[in-house]
Each structure stands twice: as C-alpha cells, then as structure tokens.
Amino acid sequence: VALIGCGIYLTTLPSLRDWLKPIRSLELVSSRWALVAGLCISIYTLADRQGVRLVSPVTYNLYIFALMALGFTPYMLLTHRWRTARAEFRANWKGVSGTGVVNIVNYLVILWALTILPASYVSAVRGSSIIMGAYYGWRVRGEPLGSARIAAVFLIVAGITSLAVGG
C-alpha cells in the first residue's frame, strides 16, 4: 500500500528530483488535488465496504446508480444540459453505452473485492487507475511521460504485485 501511495505521490511532481520536497510540492495545485482524490477514494471505499456488508454487491450497485440518477436528473433538467446530453448520446450512443456497461462491471468487481479483501487493499488498487491515465496522456494526448511518471508507474505496479503475492 505504501508503494502505491508513493507512486501516486510521484505523479504529482514536476520532476523526479522533487521527490524529497513534499511541502514545496503542495504548492502545486496538482499535489493538493491528488491528496483530495486520495481522501475521497478512502472515504467512498469505506462507505462501499459498509454497503456490501449490509446487502449483496449487485443490490448495492443498483442502489448507488439509482441514487446517482435521482440526484443528477434535477441538475440536468434545471441547467438545461439534458439537450447537450441527448445530442451527445445520439451522436455517440455506442461509446456512451459501452462506457456505461464498463463502469457498472468495474464497480461490481470492486464491490465483490470488498467482500473478500481488506478495504485498504481494494482502496490502494482502486487508486491505481493513475497508470491508465498516464498511459492515455502519453499515447493518446502526446504528453511527456517523464522520469517521475515512469517511476510512479513502477512503484504502483510493484505495490499491486506485492499485495497480490504477499497479501
């Protein structure tokens, strides 16, 4: 878990040389957002853990998506963004639908994992989506990968591997 946390921390730094400057790196907006993201991951992982203790992962998943729809629908209607959403769905319905299915399946896997593994392990691996974000930024958007991001990816993969092998 510590390796994964260090890897996530490294992704926020401008260069690998700055890894010993944690206080200075908090001047960066990206570092502060990374801390907020980590806090949010911890909070909603613990909430999900409690939820799957009360009901099955499938039932909990249905409740969560229903609550999101109930909360999001008034916002869409009041801000008139439903027109934009409708146009986007019409233009890209396959991609939008596919993304929805992948999100539901991904969330079910996380909920299932919370029924058999400690929440700290699931939370750490859940935060590893940074690897995919770094890859996407590098390959699709042409962003520089840099030594800090490369080191971060190796630390995150090492942390996940140690959790998988050593428990």
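Helices in these legends are DSSP runs of at least four residues, numbered from the N terminus. The model shown is predicted.

**View 1. An aromatic pair within helix α4.** Phe72 and Tyr75 both belong to helix α4, where they stand 3 residues apart, about one turn of the helix. Their ring centres are 5.6 Å apart and their planes meet at 35°, so the pair is classed as tilted. Both side chains have some access to the surface: Phe72 is partly exposed at a relative accessible area of 46%, and Tyr75 is partly exposed at 38%.

**View 2. An aromatic pair between helices α4 and α6.** The count of aromatic pairs in the model comes to 2. Phe65 and Tyr107 form an edge-to-face pair, with 6.1 Å from centre to centre and 80° between the planes. Phe65 lies in helix α4 and Tyr107 in helix α6, so this pair ties together parts that are 42 residues apart in sequence. The relative accessible area of Tyr107 is 12%, which means that this residue is buried, since the limit for that class is under 20%. Phe65, with a relative accessible area of 30%, is partly exposed.

**View 3. The largest nonpolar core.** This core has 9 residues in all: Val52, Tyr60, Tyr107, Ile110, Leu111, Ala113, Leu114, Ala119 and Val122. Helices α6 and α7 (119-126) each supply at least two of its residues, and α6 gives the most, with 5 residues. Tyr107, a partner in the edge-to-face pair of the preceding view, is one of the core residues. In soluble globular proteins, nonpolar side chains tend to be buried together.

**View 4. The surroundings of Val122.** Val122 is a member of the largest nonpolar core. Leaving aside neighbours within four places in sequence, Val122 is in contact with Ile110, Ala113, Leu114 and Leu117. Among these partners, Ile110, Ala113 and Leu114 also belong to the core, while Leu117 takes part in a nonpolar surface patch.

**View 5. A nonpolar surface patch.** Val101, Val105, Val109, Trp112, Ile116 and Leu117 together make a nonpolar surface patch of about 570 Å². One of these residues, Val105, is found in helix α6, which spans residues 93-116. Val105 counts as partly exposed, at 46% relative accessibility.

**View 6. His80 in the loop between helices α4 and α5.** The loop that holds His80 runs between α4 (57-78) and α5 (82-91). Most residues other than glycine have a negative phi. His80, although not a glycine, has a positive phi of about 60°. With a relative accessible area of 47%, His80 is partly exposed.

Technical notes
Residues are numbered from 1 along each chain as its sequence is written. This is a predicted model: local features need pLDDT of at least 70, side-chain atom pairs count only at pLDDT 80 or more; totals for chains, interfaces and linings use all residues. Side-chain values use heavy atoms; hydrogens and water are left out. Patches are made of residues with over 30% relative accessible area and no salt bridge: like charges are joined within 9 Å, nonpolar side chains (Val, Leu, Ile, Met, Phe, Trp, Tyr) within 5 Å. Accessible areas come from the Shrake-Rupley method with a 1.4 Å probe; for residues, only the protein chains shown count as cover. A salt bridge is a side-chain nitrogen of Lys or Arg within 4 Å of a carboxyl oxygen of Asp or Glu. Buried means under 20% relative accessible area, exposed over 50%, partly exposed in between (1.4 Å probe, protein chains only). A nonpolar core is a set of buried Ala, Val, Leu, Ile, Met, Phe, Trp, Tyr and Cys residues joined through side-chain atoms within 4.5 Å. Contact means heavy atoms within 4.5 Å. Rings of Phe, Tyr and Trp (its six-membered ring) pair if their centres lie within 6.5 Å; planes under 30 degrees apart count as stacked, over 60 as edge-to-face and the rest as tilted.
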